[in-house]
Amino acid sequence: MNLEDYIRDIKDFPTAGIVFKDITPMLNNSEAFQYALNELLNFIQDKKIDKVVGMESRGFFFAPMLALKLNAGFVPVRKEGKLPSKTISESYGLEYGKDTLQIHVDAIQKGDAVLVHDDVLATGGTAEATCKLVEQLGGIVVQCNFLIELDFLQGRTKLKSYETKSILHY
Ligand code: AMP
């Protein structure tokens with residue numbers, strides 16, 4: 001399976017100068033979709049996972065499926081103001097300004113083994129902020145995994161303390 005064949009580059013989306021990695025052709029093809037899910041599951045091997053944390057919004061495609069396959073719970077991390085119950089927040093820098101992510105305070109118990117999943121690892125700010133949220137609640141980040149890693153942005157350097165795996169590298 002050549003998964004790259006199902007990833008579409010969209011130039012200048014959402015803003016000029018960005019090459020957006022569009023995974024919808026992969027989601028649209030059952031073989032590619034299944035293959036990607038299996039690759040992510042293979043990364044986990046026999047590690048015990050209590051919670052899979054997925055980031056809004058494209059982390060939500062795979063994180064719940066990974067959770068079900070791993071007999072774990074799913075936890076959404078969302079942009080500020082979207083989660084209805086009590087939350088904690090973590091802000092991280094963007095090229096211009098900042099963004100804030102939130103998690104429900106009761107979503108993770110102390111000592112939970114946590115898998116963090118998103119579609120793309122770019123500069124690493126999103127994943128780093130998510131790991132901090134997990135740790136603030138006493139969770140242990142066992143792995144961060146991604147469909148795609150943009151190596152040239154060196155996001156991995158922000159995740160040095162964690163095992164980090166990606167299916168495709170650009
Ligand atoms: P970052 O915090 O820079 O690692 O950005 C990661 C987040 O932004 C992920 O949730 C991705 O979905 C999204 N993202 C960043 N760059 C791209 C890209 N070139 N193509 C698709 N999604 C991207």
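**Close-up views of the ligand pocket and backbone**

**View 1. The ligand sits in the largest pocket of this predicted model.** On a 1 Å grid over the protein atoms alone, a pocket is an open set of points where a 1.4 Å probe fits, with protein on both sides within 12 Å along at least five of seven lines. A molecule sits in a pocket if more than half of its atoms lie within 2 Å of the grid points. β2 (19–22), β7 (113–121) and α4 (125–136) each give two or more residues to the shell around the ligand; helices (H or I, at least four residues) and strands (E, at least two) are DSSP runs, numbered from the N terminus. As for sources, residues are numbered from 1 along each chain as its sequence is written, and side-chain values use heavy atoms, with hydrogens and water left out. Because the model is predicted, local features need pLDDT of at least 70 and side-chain atom pairs count only at pLDDT 80 or more, while totals for chains, interfaces and linings use all residues.

**View 2. Backbone atoms of Lys21, Ala122 and Gly124 meet the ligand.** A backbone N or O atom of Lys21 lies 2.9 Å from a ligand nitrogen. Polar backbone atoms of Ala122 and Gly124 are found 3.0 Å and 2.7 Å, respectively, from an oxygen atom of the ligand. The protein covers 82% of the 490 Å² of accessible area that the ligand has on its own (Shrake-Rupley method, 1.4 Å probe). Around the ligand there are 13 residues, with Asp118, Asp119, Thr123, Gly124 and Thr126 coming nearest; "near" asks for a heavy atom within 4 Å.

**View 3. The lining of the largest pocket holds 33 residues.** Nearest its centre lie Ile18, Arg58, Leu94, Ala122 and Thr126. The pocket has about 1,300 Å³ of space, a volume being the space filled by probe spheres set on points joined across faces, edges and corners. Lining residues have an atom within 4 Å of a point, and β7 gives the most, with 4 residues.

**View 4. Two cis peptide bonds, Phe13 to Pro14 and Glu56 to Ser57.** Omega is near -5° for the bond into Pro14, a residue of the loop between β1 (8–11) and β2. For the bond into Ser57, omega is near -10°, and Ser57 belongs to the loop between β3 (51–55) and α3 (63–69).

**View 5. Asp12 and Gln45 have positive phi without being glycines.** Asp12, with phi of about 60°, is in the loop between β1 and β2. Gln45 has phi of about 50° and sits in the loop between α2 (30–44) and β3.

Methods. Polar contact = N/O pair within 3.5 Å; in protein donor to acceptor, adjacent residues only side chain to side chain.
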